[in-house]
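Trainee: I am new to this one. Could you walk me through how the labels are decided?

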Amino acid sequence: VLFLQIVHILNMTSAKIVSFLLHPEESLHSLQNRIEFETGISTGNQELLLETGICLDPRKPASQCVIDGVRGWDSYMVYLFDKSKTVYDGPFASRSLSDCVNYIVQDSKIQLPIPQLRKVWAEAVHYVIGLKEDYSRLFQGQRAAMLSLLRYNANLIKMKNNMVSASQQLKAKLEFFHQSIRLDLERYSDQMAYGISSEKMLKAWKEMEQKASQCAQAEDIGYLDEQIMALHTEIVELQKSPYARRQGEVMESLEQRAIDLYKQLKTRPPDHAYSDSTDMVKIIVQTVQSQDRVLKELFGHLSKLLGCKQKIIDLLPEIEVALNNIKEADNSVMQMQGKRQREIWHLLKIACTQSSSRSLVSSSLEGTASTPAATWLPQGSSGNAAPHPLSSLAAPEDGENFADVIRENVNYLELFSSILQEVRQEQNSMMVS
């Protein structure tokens, strides 16, 4: 018997306890099926919380519900919530009276012998203690719900900080992109008259600027930030609420009064005296009324906790979508920035190629112009001397020099044509890209 594992489930929707004997190596899913059979709450809507607010792990066995030690043997609770509900309004009936206690409640002035009265009052004291313990368990379930809410809130804060950080990074990159593309468009317009121009590339740059403006919509997370801040304020108010603290002081004082009353009865001698139960019945009635009041406050507060938790659950997917949109916009901006920089370097390459081809052609033309003049001038004659009558006749060596000049010019012309063809190909490829 000592090695048996028993789990006690407090159903927060009905304020009733159901207990299960765990089978060896039983899975949590198996336990949830048994809980569904007993409570009517489907496995998909079950939320099982420990006292610390931690939800049970479906990957672990059902024995995670039971802690080691004497305390966990018969008093440790697991709190069951229905995820399809956010309002728990009862009605929650108090624990039933035993027959003898119900007898004195129906007629508190009835006279009973002292020995019999002791037994009835002992059960009455047990009933009052039970009412206080019922409230204590339900309050502990509310506390578990609060701790679970705070865990969800911590996750919400973490996701919110990631979202805000990503949004600020996107905003900075968009500002840099807009400033750099405006400068590029201005410089491009300045050099179009004497440099390289491409209408297709210019159109692509302007489309990039418009697309970057559309990406700015992804950084707008103000509506989510407002909802999160309002939710934080609501959670703080719930933590400060007096209903977040134990409200069983009245019940505890009534419990002590019932115990003291029973002790006074025990000191009376067991003679043939009789006595009524008026004082004990008053305590029972006051305890029931106090429990009704504190339970109403407790479940009202619990409903607010569960409502906040549901708001967080609804917000998390929206934050995830906003994060994905920011990441996509960030990647798009970086791709556009990289593409424009590659095109700028492509223009620089074409400009350098054209500059080198111009310098090569000018140097070849200068060499061609100087060579014929030197060829037609006779050796040893000054520039202003009259030519020899026979100097117009080409000597054999002069003819050979003239043929060399023609071949050299033909070679330069072919080289220049090939350079121009390469430049045209570079321009066409740039326009296509």
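Mentor: Gladly; this is a predicted model, and we will go through some of its salt bridges and how accessible their residues are.

Trainee: How many salt bridges does the structure hold?

Mentor: The structure holds 13 salt bridges.

Trainee: What makes Arg34 and Glu26 a salt bridge?

Mentor: Their closest N and O atoms are 2.9 Å apart. The cut-off is within 4 Å, so the pair counts as a salt bridge.

Trainee: Why is Glu26 called buried?

Mentor: Glu26 has 6% relative accessibility. Buried means under 20%, so the label fits Glu26.

Trainee: And why is Arg34 called partly exposed?

Mentor: Arg34 has 23% relative accessibility. Partly exposed runs between buried, under 20%, and exposed, over 50%, so Arg34 belongs there.

Trainee: How do you know that Glu209 and Arg182 meet in a salt bridge?

Mentor: The N to O distance is 3.9 Å, and the cut-off is within 4 Å, so the pair qualifies. Glu209 lies in helix 5 and Arg182 in helix 4, so the pair ties together parts that are 27 residues apart in sequence.

Trainee: What makes Lys311 and Glu234 a link between distant parts of the chain?

Mentor: Lys311 is in helix 8 and Glu234 in helix 6, 77 residues apart. Their side chains meet in a salt bridge at 3.1 Å, N to O. Lys311 counts as partly exposed at 41% relative accessibility, and Glu234 counts as partly exposed at 29%.

Trainee: Which residues are linked in a network of salt bridges?

Mentor: Arg95, Glu133, Asp134 and Arg137 are linked that way.

Technical notes: Residues are numbered from 1 along each chain as its sequence is written. This is a predicted model: local features need pLDDT of at least 70, side-chain atom pairs count only at pLDDT 80 or more; totals for chains, interfaces and linings use all residues. Side-chain values use heavy atoms; hydrogens and water are left out. Buried means under 20% relative accessible area, exposed over 50%, partly exposed in between (1.4 Å probe, protein chains only). Helices (H or I, at least four residues) and strands (E, at least two) are DSSP runs, numbered from the N terminus.
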